[in-house]
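Student: I am new to this structure and would like a close look at a single part of it, the aromatic pairs and the nonpolar residues around them. Could you take me through that part slowly, in one connected answer?

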Amino acid sequence: MKKGQWPILYIHGFRGGDYTTQKMIESALKCNGKKSDQFLKANINWRGKVTYEGTWTDDEHPIVQVVFQNKWVGSNQMEYWLVKLLFDLRLKHEFTTYDAIGHSLGAVALVLVNLREKMRPYMPRLKKLVLIAGPFNGIIGLGDLPNVNRVRPNGRPAFMSPTYFRIFMNKNNISDDLRVLNIFGNVGDHSNSDKYISVTSAKSISYILKPRVKEYNEYLIKGTNAEHSMLHDDSEILKTVNGFIYYNPLP
C-alpha cells in the first residue's frame, strides 16, 4: 500500500528519548491490531544524520518513532531536523500527508515545522496534530513563573516568549485544514502547572491556532497524573490521543 499511506510521527521533548513515546506507541499498535515491533524508529544523531531501525509497515498508518540522540536539543534544532526527516521519509515512501504527536518541546517543534509548509510545496502536509504539555510561552524558571503570565479574555497572553512571538508573527503560515488536540496538565498545587509547564504557557497557543485551523480542541487533566513526565503515559490520555488520531476520520 505504498500509494496513499498516511504515517503517524511520535516526537519526544527536551531530555526525552524513546521511552517518552513508548507507551503511546504500544497503545497505538494494540488498538490497530499490530505487533509490538511493527513500527519504524528514526534515530537522529548529534549531527542530524538519520538512521532507521524497525519496520515501515504496508498498512494505511505506518508508525514512526523519532528519537534525538542529543537530549538537550532545543525546539529550533528539532524543527530543522524534523523537516529533513520528513523530506527523507517522503523520498523513500512517497506519502503526501501525515499526523504527529509531540510531547513538551516536541510539540513546539511540530508547530514550527507547520509554519514551513506553505513555503515548501514538496513537504508532506500535516493533517492532525496532538500537542502534549507544550511549553509554547516559556518554562517555569526559564521565561515563565507561576501565576505571573495570564491569558486575557480574548485568549491573548499578557507576555510573549521569543518562541511564542516567532509563531505569532508567522501565524498566517499555519495550515488552515489542520485539526489540533492540545493536552496539558495541572497537578493542583499553587503553581497552576504540571510542575514544569504552566497551564497558561500550554494554553496560550490557542490564541494563534484556534482562529486559523480547521478544528481546535483542548483536554485538561488534573491531579497527580497531570505531572509533566507522566502525561504521555496516562491511560486516559492514551485513549484520547488514539481516538483523535485513529478513530476520528477526516471529513
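Tutor: What follows goes from the aromatic pairs to the nonpolar cores, and then to the charges that sit over rings. Please keep in mind throughout that this is a predicted model.

The count of aromatic pairs comes to five. One of them is formed by Phe14 and Trp72, whose rings meet edge-to-face, with 5.4 Å from centre to centre and 80 degrees between the planes. This pair links distant parts of the chain, 58 residues apart, since Phe14 belongs to the loop between strand E1 (8-11) and helix H1 (18-31), while Trp72 belongs to the loop between strand E4 (63-68) and helix H2 (75-93). As for their surroundings, Phe14 is partly exposed, with a relative accessible area of 37%, whereas Trp72, with a relative accessible area of 55%, is exposed.

A pair with another geometry is made by Phe68 and Trp81, whose ring centres are 6.2 Å apart and whose planes are at 25 degrees, so the pair counts as stacked. Because Phe68 lies in strand E4 and Trp81 in helix H2, this pair ties together parts that are 13 residues apart in sequence. Here Phe68 is buried, at 1% relative accessibility, and Trp81 is buried too, at 5% relative accessibility.

Phe68 also leads us to the largest nonpolar core, which has 45 residues and in which Val66, Phe68, Leu82, Leu129 and Leu131 touch the most other members. The element that gives the most to this core is helix H3 (residues 105-114), with eight residues. To see one of those members in detail, consider Val66: leaving aside its neighbours within four places in sequence, Val66 is in contact with Leu9, Tyr10, Ile11, His12, Ala42, Ile44, Leu82 and Leu85. Apart from the largest core lies another core, of 25 residues, which includes Trp6, Ile132, Leu231 and Ile237.

Rings in this model also take part in arrangements with charged side chains. The charged end of Arg90 sits over the ring of Tyr122, at 4.1 Å from the ring centre, and the charged end of Lys128 sits over the ring of Phe244, at 6.0 Å from its centre.

To return to the two pairs described above, then, the edge-to-face pair joins Phe14 and Trp72, while the stacked pair joins Phe68 and Trp81.

Note on methods. Residues numbered from 1 in each chain as written. Predicted model: local features only at pLDDT ≥ 70, side-chain atom pairs only at ≥ 80, totals over all residues. Heavy atoms only, no water. Phe/Tyr/Trp six-rings, centres within 6.5 Å; stacked < 30°, edge-to-face > 60°. Helix = DSSP H or I, 4+ residues; strand = E, 2+ residues; numbered from the N terminus. Buried < 20%, exposed > 50% of the residue type's maximum accessible area, 1.4 Å probe, protein only. Lys NZ or Arg CZ within 6 Å of the ring centre and 35° of its normal. Core = buried A, V, L, I, M, F, W, Y, C linked by side-chain atoms within 4.5 Å. Contact = heavy atoms within 4.5 Å.
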